[in-house]
Amino acid sequence: MKKKKARQRRVIPGFSLSMGVTITLLSLIILIPLASILVYSLKLKPAEFIKVITDEAVLWSFATSILCALIAAIINCIFGTMLAWVLVRYDFPGKQILDGLIEIPFTLPTAVAGITLSKMYSTTGEIGKPLSKLGIEVSYTHLGLIVALIFVGIPFVVRAIQPVLQKFDVQYEEAAQMLGASPIRTFMKVIFPELRPAMLTGFGLAFARGIGEYGSVIYISGNNAKEHTQVVSYIIMQKLNYLDYGSATAIALVMLIISFLLLLFVNIVQVKQSRRTNNV
Amino acid sequence: MKNLAKIVKTTVALVSAFAVAFTATGCTGAKSAKSKKEGLKITNVSYDPTRELYAAYNEEFKKQYKKDNGKDVEIVQSHGGSGSQARSVVEGAEADVVTLALANDIALIEKAGLIDGGWIDEFDLDSSPYTSTIVFLVRKGNDKDIKDWDDLVKSGVEVITPDPKSSGGAMWNFLAAWQFATDKFGGDEAKTKDFMSKLYGNVTVMDSGARGATTTFVENGQGDVLIAWENEAIATLKEYPDDYEMITPSISILAQPSVAIVDENAKKDGTEKLCKAYLEGLYTDWAQEIIAENGYRPSNEEILKKHSKDFNLDIKLCNINDFGGWSKAYEDFFADGAIFDEIYKK
C-alpha cells in the first residue's frame, strides 16, 4: 500500500520544473514589484500615510474610479453578453471581421483611444455635437469616463462568455420551449444560470481593468477636482510628477487592497455560482 | 517533500540564471557605451515643445563641432512632459544633458544626486539660454473680447489651462495670473485669492499637461481662451494662421526653461566636454537666431531686439525669484493643502 501511494503518475512529466519556472516568473514580474510598493509606501510615517490617503481629493478619486468602473462593468456585462450572443448564434456577412474587432481595445494604445474618444464625444465632435444638442455632455464628465471604460472593458466580457455560449447546447432551449416556457423564462431559468459564472468572470476582469485605467481615461475625463472627475491613477501621476514616491505608492497600496478585496469577492461569488450550477 | 525540494532547487537555479543573464547584458551595455565614446554620442532629454528647436540646433551644432574639433558627434533627442522627463532621468534614463521647462524639474534630478549643486550658475543667465512667457490664445475674432487677465474671470468665459498639481509647466500660468492680481489689488491677499478662485472657476477642462491642454483647445474646440506658453502659441499660429489670435496680457511671468549637464552620466560616458560645448553653443549668435525663429525669446538682447516684431517686448514680466524661488513657490502654492487647493475648492 505504501509503495502504491508514493507516486502519482502524470501524463506530462516535469512538475517540479514547470512549477519552478512559474514561481520564478511570478516573483520577477508580479510578486517582487508588488512587494516593493509595500516597502516604498511604508517609508511614510503612519500619520503621513493616513493624511495622504484621507485627503479629500484622494477619497473622491477612489469613489470616482470605483463607481465609474462598476457602472461601466455592469453595462459591459449586458452589452457584452448580447454581443457574444450575436457572434455565436447568428451567421451574417462580416461576422469574422466583427469578431476580430472586439479585440481592438486590447491592442490599441489606450492613449490613442482616449484622445479619439474625447474628440468624438466633445461638444464639437461627430457624436458629441448631436448629443450636446440634447443637453448631454460626454467628454470631460463622468459620462465620458464611463464611455472610455466601456471601451477598454468590453473585450473581457465578450471573450469570457463566447466559449461558454459556443458549448451551450441549443437542445436545452428547445426543450424549455416545448415544455411551454416563455422566451423570457427560458432565458432567465435555462440560459442565464449557465452564463452566470462566465459573466461574473468578465465582469470582474472589466471592473478591475477599469479601476486602474489611466491612458484612455485621462484625456476624456477632464481631471476636474471640483467635478470629481479625477481618477486614482491620475492622482498617482500627480504625485509622481513631483517625485513624491511615498504618497504615490501609499495611494497605490490602498488601491491594490481595494482591488484585491473586490476581486476576491467576485471570485467567491463566482466559485459559489459554478458549484451550484454544476451540482444541479 | 521531495517535490518541494526540487521546486526550490529549480527556482533558485532559474533566479540565478536570470541574475547572470542580467549582469551579462549589463556588461555588454557598459561595453557598448564605451565603444560609443569613440563616435561621441550624447542624449538631450528635453520637454515637449522643443522638438523642432533642437532638431534645428543639433543639425547646426554638429556642423560647427566638426569644423572646430574635426569630430563627428551624434545627438539623440528625447521629448515628453517636463516632469515625467525629469523622473525618467532620476530613474536611470541615459541623459547627458537635460533641457527642461523649469528649474524645479532639474532641481529634482539634483536632489537625486545626478547633477552637481550649483548647476544654475554653470551657464549664463541662470542657465537659461532662452526664455518664454505666458500668453493667451483665443479663437479668431476674439468674440469674448479678451485683452488681459481681468477678462478671464468674467462669467461665461471658458478658460483652458493644465493642472499645476500635475504639470510643472502649468505652475508658470498660475504664478503669472497671481502676479497680475497681486498688482491689481495692491498686495491684498484675500482679494487676490478671490480673483484666482474666479479664474480657476472658469477653467472648464484641466488637462494633465500643456500638450493635452493645447489638444483640448485646438483639436476638440473646447473653451474661449487657452493660457499657453508664448512659443506654443506662436507654433499654433504658424500652423493655423486663420483660426487663432495671440493676446499678450499686461503682466506675465518670465518663463525660464533651464539647461544642465547630468554630471553623473556625462562623467560615466566621458562626454563632459562635449556636453559643455553643446549647452554653451546655445548662447552663440547663430543658435540664438535659431531660438528666435522657433518662437523662444533669445537671451541675447540684441538678437531679441532684432526680432521685436515677433515678441511683445512691452509686456511687464515678473520672474520666479519674485516668489522666492521654485521650492518656496511649490510649498506656498502647489503642495497638498496649499493656496492652489484652497482657491480651487472655493
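Visitor: Which numbers of residues do domain 1 and domain 2 of chain A bring to their contact?
Guide: The model is a predicted one. The assignment divides chain A into domain 1 (11–41) and domain 2 (45–279). Residues of the two are in contact if their C-beta atoms, placed from the backbone, lie within 7 Å. On that basis the contact takes, from domain 1 and domain 2 of chain A in turn, four residues and eight residues.

Visitor: How do the residues on the side of domain 1 of chain A that touches domain 2 of chain A divide by class?
Guide: Four residues of domain 1 of chain A are in contact with domain 2 of chain A. Their division by class is three nonpolar, one polar and no charged.

Visitor: How far apart do the C-alpha centres of these two domains of chain A lie?
Guide: Along its principal axes, the C-alpha trace of chain A spans about 70 × 60 × 30 Å. Within chain A, the C-alpha centres of domain 1 and domain 2 are separated by 28 Å.

Visitor: How many helices and how many strands are there in chain A?
Guide: Read along the sequence, chain A has the pattern α-α-α-α-α-α-α-α-α-α-α-α-α-α. The counts for chain A are 14 helices and zero strands.

Visitor: Is H4(A) parallel, perpendicular or oblique to H9(A), and why?
Guide: Helix H4 (residues 56–89) and helix H9 (residues 142–167) of chain A have axes that come within 6 Å and cross at roughly 40 degrees. Angles under 35 degrees count as roughly parallel and those from 65 to 115 as roughly perpendicular, while the rest short of roughly antiparallel are oblique. The crossing angle therefore makes the relation of H4(A) to H9(A) oblique.

Visitor: What is the make-up by class of the contact of H4(A) with H9(A)?
Guide: The crossing of H4(A) and H9(A) is right-handed. By class, the residues of this contact are 22 nonpolar, seven polar and no charged.

Visitor: Which residues of H13(A) meet H4(A)?
Guide: The axes of H4(A) and helix H13 (residues 232–241) of chain A cross at roughly 145 degrees and come within 8 Å. From H4(A) the contact takes A:Ala57, A:Val58, A:Ser61, A:Phe62 and A:Ser65. The contact of H4(A) with H13(A) has six nonpolar, two polar and no charged residues. On the H13(A) side, the residues are A:Val232, A:Tyr234 and A:Ile235.

Visitor: How do the residues of the contact of H4(A) with H11(A) divide by class?
Guide: Helix H11 (residues 183–212) of chain A and H4(A) have axes that come within 8 Å, with a crossing at roughly 145 degrees. This crossing is right-handed. Among the residues that meet are A:Ala69, A:Ala73 and A:Gly80 in H4(A), and A:Gly202, A:Phe203 and A:Ala206 in H11(A). By class, the contact of H4(A) with H11(A) divides into 13 nonpolar, six polar and no charged.

Visitor: Which strands of the open sheet of chain B stand at the edges?
Guide: The sheet has four strands in the order S2-S1-S3-S10 (chain B), with mixed pairing. Each edge strand has a single partner strand, so one side of each is left without a neighbour in the sheet. The edge strands of chain B are S2 (74–80) and S10 (258–261).

Visitor: Which residue of S3(B) is the bridge partner of B:Asn44?
Guide: Strand S1 (residues 41–47) and strand S3 (residues 97–100) of chain B pair in the parallel sense over three bridges. The bridge partner of B:Asn44 in S3(B) is B:Val97.

Visitor: Which helix packs on the sheet and touches S1, S3 and S10 of chain B?
Guide: H3(B) packs on the sheet, touching S1, S2 and S3 of chain B, and its direction makes about 145 degrees with that of S1(B). The helix that touches S1, S3 and S10 of chain B has a direction about 165 degrees from that of S10(B). That helix is H12 (residues 272–281) of chain B.

Visitor: Which element gives the largest share of the side of domain 1 of chain B that touches domain 2 of chain B?
Guide: In the assignment, chain B has domain 1 (40–128 + 257–305) and domain 2 (131–255 + 315–345). Their contact takes 18 residues from domain 1 and 17 residues from domain 2 of chain B. On the domain 1 side, H3 and helix H4 (103–111) of chain B are the elements that give two or more residues. The largest share, four residues, comes from H4(B).

Visitor: Which helix supplies the largest share of the side of chain B that touches chain A?
Guide: The contact between the chains takes 30 residues from chain B and 32 residues from chain A. Helix H1 (2–39), helix H3 (82–90) and helix H9 (210–218) of chain B each supply at least two residues of the chain B side. The largest share there, eight residues, comes from H1(B).

Definitions and conventions
Residues are numbered from 1 along each chain as its sequence is written. Chains are lettered from A and ligands numbered from 1 in the order in which they are written. This is a predicted model: local features need pLDDT of at least 70, side-chain atom pairs count only at pLDDT 80 or more; totals for chains, interfaces and linings use all residues. Axes are lines fitted to C-alpha atoms, for helices over the stretch in contact, and angles run from 0 to 180 degrees between N-to-C directions. Angles under 35 degrees count as roughly parallel, over 145 as roughly antiparallel, 65 to 115 as roughly perpendicular and the rest as oblique. A crossing is left-handed if the near helix is turned anticlockwise from the far one by less than a right angle, and right-handed if clockwise. Ala, Val, Leu, Ile, Met, Phe, Trp, Tyr, Cys and Pro count as nonpolar, Asp, Glu, Lys and Arg as charged, and the others, Gly among them, as polar. Domain bounds come from an automatic or database domain assignment. Two strands pair if DSSP finds at least two bridges between them.
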